[in-house]
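Reader: Before I rely on the words used for this model, I would like to see how each of them is justified.

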Amino acid sequence: MEVKESFTDFVKRWRAKAALMTERSSERDQLRIISRNLHLDYAKHLVLVQASANFETFFESGLAIEDALQTGVLPRG
């Protein structure tokens, strides 16, 4: 995830790359890979979600975390 990149843009970019793979990883493995490449602000909140979530739940959780970070509900850093 790039410094100024939103969660949504990062996940869209990742999914586009994954769609081009000839041997696509399982959804659970994709969530692990995405989690390992998130900014720490996102990763520390999504690490527990990715262990038991499908992609839709993970994505919705990421959007909620992004909103909470932007509004100051969750502190950065």
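Author: The answers below set values for this predicted model against the definitions behind the terms.

Reader: What makes the elements of the protein chain helices or strands, and how many of each are there?

Author: A helix here is a DSSP run of H or I with at least four residues, and a strand is an E run of at least two; by that rule the protein chain has 4 helices and 0 strands, so that from the N terminus on the order reads α-α-α-α.

Reader: Why does the radius of gyration of the protein chain agree with a compact globule?

Author: The globule rule takes 2.2 Å times the number of residues to the power 0.38; because 77 residues would then give a value near 11 Å, the 12 Å of the protein chain agrees with it.

Reader: Which residues touch the most other members of the largest nonpolar core, and what makes a residue a member?

Author: Members must be buried residues of the listed nonpolar types, joined through side-chain atoms within 4.5 Å, and buried means under 20% relative accessible area. The largest such core has 18 residues, of which Phe7, Val11, Ile34, Leu38, Tyr42, Leu46 and Phe58 touch the most other members. To this core α1 (7-19), α2 (27-36), α3 (40-52) and α4 (55-71) each supply at least two residues.

Reader: How do you know what Phe7 touches?

Author: A contact requires heavy atoms within 4.5 Å; leaving aside residues up to four places away in sequence, Phe7 touches, among others, Met1, Leu38, Tyr42, Leu46, Phe58 and Leu63.

How values were computed. Residues are numbered from 1 along each chain as its sequence is written. This is a predicted model: local features need pLDDT of at least 70, side-chain atom pairs count only at pLDDT 80 or more; totals for chains, interfaces and linings use all residues. Side-chain values use heavy atoms; hydrogens and water are left out. Buried means under 20% relative accessible area, exposed over 50%, partly exposed in between (1.4 Å probe, protein chains only).
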